[in-house]
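Let's take a walk through this structure together, starting with its charged pairs and then moving on to a strand and a couple of helices. Keep the 3D view open as you read.

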Amino acid sequence: MPSDVRDLLAVQPGHRVKLSDHPADATPGFDGKKRQAVQEVADIGRELADLQERLYAAASEGDRRRVVLVLQGMDTSGKGGTVKHVISHFNPAGCRIRAFKAPTDEEKRQHFLWRVDRALPQSGEIGIFDRSHYEDVLVVRVHDLVPEAVWSRRYEQINAWERILAEDGVTWVKVFLHISRDEQRERLLARLDRPDKHWKFSPNDVRERELWPDYRKAYTAVLERCSTEAAPWYLVPADRKWYRNWAVSQLLLAHLRDLDPRYPPGAYDPAEARAALLRA
Ligand code: AMP
Ligand code: MG
């Protein structure tokens, strides 16, 4: 394992991105077999759980830090699977999970960041976003849902908003799940093969798939323009689910280790409290 998988996966701020230079079936930072990756993830599970508990505990004494995992990627890229995997490490009570769908009428009447702001985790919590404010420069751009003059200003707005929150204690872990077009076909076909997966398929998925080149352009713009020091993007090859899970777990571990949250000392003298309790 590399000393820091973040260095391998982060999109350098201000750099050009060519998605075709990033094979979706690659496994940066891991050269073992699937079984080993699954074992490694199981091995770090305890540390992840411990770090989360410390983050949560620290908030009780005013530590404002919190983590937001942002998952973006094409249909079938594994956003939902990643949520399920990540939550398996943590105490769900300390997590805030939100999937963003097409905005409701109420949401449409607000600034596009409004609904995302409201879904942010509180201090000590881990927020997990299945889609996010980035849809407002992805699906919205691809389908011309607002004029270009509007969506083109959003990159800067997003950067500014993410920076303000970073300064207030938010650790952003933004993950682009990068799958190949072939893998997407396989996964969509698999949904059609199984009656218990039919509900996940929509004929609209085929129309969206036809817009693959437009989406690649839109994703490239996001990675190039919104990977910042305060909130970098990580490009995670996601054709192999076991690698995707390994990589996202490692990213969370690296960030939580850096945060190094501490159990707060109680605001009382434990010896006195013990004596009082024995007398009570
Ligand atoms: P799914 O993730 O398969 O449940 O689908 C959610 C749908 O909501 C996707 O088709 C997204 O493109 C769409 N969606 C999410 N956010 C937005 C947004 N801000 N504007 C328009 N559509 C959105
Ligand atoms: Mg869908």
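## Salt bridges, a strand and two helices

Counting every pair that meets the criterion, you get 20 salt bridges. Bear in mind that what you're looking at is a predicted model. As background, side chains of opposite charge can pair when their charged atoms come close.

Let's start with D260 and R54, whose side chains meet in a salt bridge at 3.4 Å, N to O. D260 sits in the loop between α12 (241–259) and α13 (270–279), while R54 belongs to helix α2 (residues 34–59), so this pair ties together parts that are 206 residues apart in sequence. The two partners have their own surroundings: D260 is partly exposed, with a relative accessible area of 30%, whereas R54 is buried, at 16%. The cut-off for buried is under 20% relative accessible area, so R54 makes it into that class with its 16%. This pair also has company, as D50, R54, D260 and R262 are linked in a network of salt bridges.

Now hop over to R96, which forms a salt bridge with E125, their closest N and O atoms being 2.7 Å apart. Here R96 comes from strand β2 (residues 95–99) and E125 from the loop between α5 (114–118) and β3 (126–130), so the pair ties together parts that are 29 residues apart in sequence. R96 counts as partly exposed at 30% relative accessibility, but E125 is buried, with a relative accessible area of 9%.

Which helix holds both E183 and R187? That would be α9 (residues 181–193), where the two lie four residues apart, about one turn of the helix. An α-helix has 3.6 residues a turn, so residues three or four places apart point the same way. Their side chains meet in a salt bridge of 2.7 Å, N to O. E183 counts as partly exposed at 22% relative accessibility, and R187 counts as buried at 10%.

While you're in α9, have a look at R185, which is found in this helix too. R185 is partly exposed, with a relative accessible area of 42%. From its C-alpha to that of L51 the separation is 38 Å, and the two residues are 134 residues apart along the chain.

Next up is strand β1 (residues 66–73). Eight of its eight residues are buried, so the strand is largely enclosed by the rest of the structure. In a regular strand the side chains alternate between the two faces of the sheet. You can follow that pattern here: R66, V68, V70 and Q72 point one way from β1, V67, L69, L71 and G73 point the other way, and all are buried.

What does β1 pair with? Strand β4 (residues 170–178) is one of its partners, in the parallel sense and over eight bridges. If you want a spot to find that pairing on screen, G73 stands opposite L177 in β4. β3 is another partner: five bridges join it to β1, and the two run parallel. On that side, look for L71, which stands opposite D130 in β3.

Finally, swing round to helix α11 (residues 212–225). With 14 residues, α11 reaches 20 Å from its first C-alpha to its last, close to the 20 Å expected at 1.5 Å a residue. Its buried residues are W212, Y215, A218, Y219, T220, A221, V222, L223 and E224.

Notes: Residues numbered from 1 in each chain as written. Chains lettered and ligands numbered in written order. Predicted model: local features only at pLDDT ≥ 70, side-chain atom pairs only at ≥ 80, totals over all residues. Heavy atoms only, no water. Expected span 1.5 Å × (residues − 1). Buried < 20%, exposed > 50% of the residue type's maximum accessible area, 1.4 Å probe, protein only. Salt bridge = Lys/Arg side-chain N within 4 Å of Asp/Glu carboxyl O. Pairing = 2+ DSSP bridges.
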